[in-house]
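Please open the model in a viewer and keep the selection panel at hand. The stops below proceed one selection at a time.

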Amino acid sequence: MPDQAPTRGATPARKPGARPGRKRGEGQWALGYREPLNKNEQVKKDDNPLHVRARIENIYAHRGFDSIDPADLRGRFRWWGLYTQRKPGVTGQHTSILDTEELEDKYFMLRVRIDGGQLNLEQLRAIADISTTYARDSADVTDRQNIQLHWIRIEDMPAIWQRLEEVGLETTEACGDCPRVIISSPVAGIAEDEIIDPTPAIREIVDKYIGLEEFSNLPRKFKTAFTGYPDHDVAPECNDVAFVGVVHPEHGPGFDLWVGGGLSTNPMLAKRLGTWIPIEEVAEAWAGVVSVFRDYGYRRLRHRARIKFLMADWGPEKFREVLENEYLERKLVDGPAPPVPARPGDHVGVFKQKDGRYFVGVAPVAGRVSGAQLGKFADIVAAHGSDRIRTTPLQKLLVLDVEAGQVEPLVKALSDIGLHARPSSWRQNTMACTGIEFCKLAIVETKSRAAWLIDELEQRVPDLDVPITVNLNGCPNSCARIQVADIGLKGQMVLSDQGEQVEGFQVHLGGGLGLDAGFGRKLRGHKVTADQLPDYVENVVRHYLDQREPGERFAQ
Ligand code: SF4
């Protein structure tokens with residue numbers, strides 16, 4: 001089976017035979033470690049995961065779930081956006097005890113990749129149809145601008161891919177150790193105060209590099225973010241690579257390059273490399289960063305394989321030096337840091353576009369929608385004269401290009417199907433990951449608990465006058481970015497007052513992005529049972545509201 005060595009001249013690995021530099025070795029290809037040091041690396045080496053699509057279409061879709069090779073099922077399927085979902089009824093206490101086979105159902109979660117969160121109505125309708133036809137009407141807007149479907153049968157995948165590809169959508173590299181969906185400012189190209197529209201660079205990257213074998217075997221997942229919006233509305237600090245709009249005093253608008261962010265169990269914020277990248281050089285710079293990660297990233301231990309660990313060891317100066325000298329073969333232009341925003345916005349509400357029309361942002365509850373609701377959403381959007389939709393990294397939906405006279409009728413029609421443009425602060429600022437309903441790694445329920453928490457808090461603290469973000473995770477992996485929320489809730493089993501192990505949360509308080517960039521404090525005593533959650537959040541927030549000085553933010 002071919003080794004996935006780098007092949008292109010522009011992105012060379014270090015010379016074959018170079019001497020390993022670390023004592024035990026971290027499995028870095030560029031230092032000569034080419035033999036897989038763990039099962040995941042072996043699976044990738046045995047067969048490029050992108051090849052599994054042909055087996056799904058030609059074999060597994062015809063012979064059914066039980067015919068699937070376990071290395072494909074639990075490894076390579078991810079490169080096509082497919083994970084087995086959790087068996088209903090398996091509790092959080094069993095998550096760390098049972099084998100994967102015992103935890104998993106014979107249905108799949110399918111992640112539809114929506115680069116930049118940009119959809120037209122034809123695409124939205126295709127997703128809605130797939131949801132109602134093949135996914136039991138399930139659909140979640142994720143905090144990476146994907147739409148995630150559940151209850152997918154392997155037998156239906158060929159038809160699903162055909163339907164998606166007819167409208168220009170894909171699931172290629174939606175999961176796996178590869179460049180996943182590229183998130184972007186949801187107001188790219190339309191915001192009045194935008195510094196630069198990153199959309200052409202995103203398109204170039206997707207067209208050139210997604211689905212390419214050259215980048216399909218990275219040490220671990222690789223997350224990319226773009227924003228040319230002054231609010232930094234994509235949590236760029238938390239991404240493996242981020243391009244953040246900035247104006248260079250001599251060269252004009254371009255991007256500041258950040259590398260090495262990531263949350264999970266060992267959170268780190270991305271570091272600036274101190275460069276200014278013009279939009280026409282972004283794709284090349286992105287490919288260079290991915291190549292550094294592919295060749296120098298750590299492959300021995302999965303929990304040390306993200307690019308943030310390489311950045312932590314090297315620092316931004318060395319990273320930039322390697323990028324310039326070994327991959328781009330030229331020096332990058334030095335650039336200024338972008339101004340730090342007070343607080344990243346979420347675009348919920350009604351706002352003017354630079355062309356004089358409006359966009360309307362609505363807030364589903366923690367991203368949960370349905371196929372039927374998306375279908376109605378598409379009908380309403382069409383009836384009010386728009387053809388463009390955006391998903392956001394905060395699990396929201398935007399409707400673009402609305403004429404002034406259509407704004408209020410649209411807001412009303414969307415509200416009638418449960419999509420509010422003027423939601424309560426609690427609904428607007430609460431996010432939740434997939435959780436125990438479908439995720440095999442989950443310890444606790446999240447989506448329905450978030451809905452319950454919102455309902456409770458809307459009644460208990462209806463007059464909240466500042467945004468306080470509440471993010472719920474079902475386990476320590478931080479898919480819902482708990483460390484950078486005002487109130488971050490990490491799912492785990494906790495002891496109840498009766499001394500029983502029950503679902504609950506470790507609380508992280510006071511995290512934030514922008515001006516408040518930093519991780520929430522995790523105090524030993526800050527654990528609550530799930531049942532106590534509304535009481536706990538209410539108490540903390542009331543304490544803040546009662547004690548705050550004028551202008552004092554929650555995260556301070
Ligand atoms: Fe699953 Fe944990 Fe991620 Fe939630 S945070 S989706 S439970 S892996």
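Begin with Lys87, which is found in the loop between strand S1 (82-86) and helix H4 (100-103). Helices (H or I, at least four residues) and strands (E, at least two) are DSSP runs, numbered from the N terminus. Residues are numbered from 1 along each chain as its sequence is written. The model is predicted: local features need pLDDT of at least 70, side-chain atom pairs count only at pLDDT 80 or more, and totals for chains, interfaces and linings use all residues.

Lys87 is partly exposed, because 16 other C-beta atoms lie within 10 Å. On this scale a residue is buried if 20 or more other C-beta atoms lie within 10 Å of its own, exposed if 12 or fewer, and partly exposed in between, with C-beta atoms placed from the backbone. Now add Leu103, Glu104 and Asp105 to the selection: leaving aside neighbours within four places in sequence, Lys87 is in contact with these residues. Contact requires that the C-beta atoms of two residues, placed from the backbone, lie within 7 Å. A distance label can be drawn from Lys87 to Lys106, 19 residues apart in sequence and 8.0 Å apart in space, C-alpha to C-alpha.

**Helix H5 and its partners**

Two packed helices are described by the angle between their axes and the distance between the axes. Select helix H5 (residues 121-134) together with helix H6 (residues 157-166); they pack at an angle of about 165°, with their axes 9 Å apart. Axes are lines fitted to C-alpha atoms, for helices over the stretch in contact, and angles run from 0 to 180 degrees between N-to-C directions. H5 and H6 are therefore roughly antiparallel to each other. Angles under 35 degrees count as roughly parallel, over 145 as roughly antiparallel, 65 to 115 as roughly perpendicular and the rest as oblique. H5 passes H6 in a right-handed crossing; a crossing is left-handed if the near helix is turned anticlockwise from the far one by less than a right angle, and right-handed if clockwise.

To display this contact, show Ala126, Asp129, Ile130 and Tyr134 in H5, which meet Ile160, Arg163, Leu164 and Glu166 in H6. By class, the contact of H5 with H6 has five nonpolar, no polar and three charged residues. In this scheme Ala, Val, Leu, Ile, Met, Phe, Trp, Tyr, Cys and Pro count as nonpolar, Asp, Glu, Lys and Arg as charged, and the others, Gly among them, as polar.

Keep H5 and replace H6 with helix H10 (residues 371-383): H5 and H10 pack at an angle of about 155°, with their axes 7 Å apart. That angle makes H5 roughly antiparallel to H10. The crossing in which H5 passes H10 is left-handed. On the H5 side, Leu121, Leu124, Arg125, Ile127, Ala128, Ser131 and Thr132 meet Gly371, Ala372, Leu374, Gly375, Ala378, Val381 and Ala382 in H10. The contact of H5 with H10 divides into nine nonpolar, four polar and one charged residue.

**After helix H6**

Next, select Thr171, placed in the loop between H6 and strand S6 (179-184). Is Thr171 buried or exposed? Thr171 is buried, with 23 other C-beta atoms within 10 Å. Apart from neighbours within four places in sequence, its contacts are Trp80, Gly81, Leu110, Arg111, Val112, Arg113 and Leu164.

**Two residues with positive phi**

Move to His347, in the loop between strand S11 (333-334) and strand S12 (349-352). His347 has a positive phi of about 70° although it is not a glycine. With 24 other C-beta atoms within 10 Å, His347 is buried.

Then select Arg481, in the loop between strand S18 (470-473) and strand S19 (487-495). Phi of Arg481 is near 55°, a positive value in a residue other than glycine. Arg481 counts as buried, with 23 C-beta neighbours inside 10 Å.

**The ligand**

Which residues surround the ligand? Select Cys433, Thr434, Gly435, Cys439, Leu441, Ala442, Asn473, Gly474, Cys475, Asn477, Ser478 and Cys479. A residue is near the ligand if its C-beta atom, placed from the backbone, lies within 6 Å of it. This shell divides into six nonpolar, six polar and no charged residues. As a last label, Cys475 and Thr171 are 304 residues apart in sequence and 25 Å apart in space, C-alpha to C-alpha.
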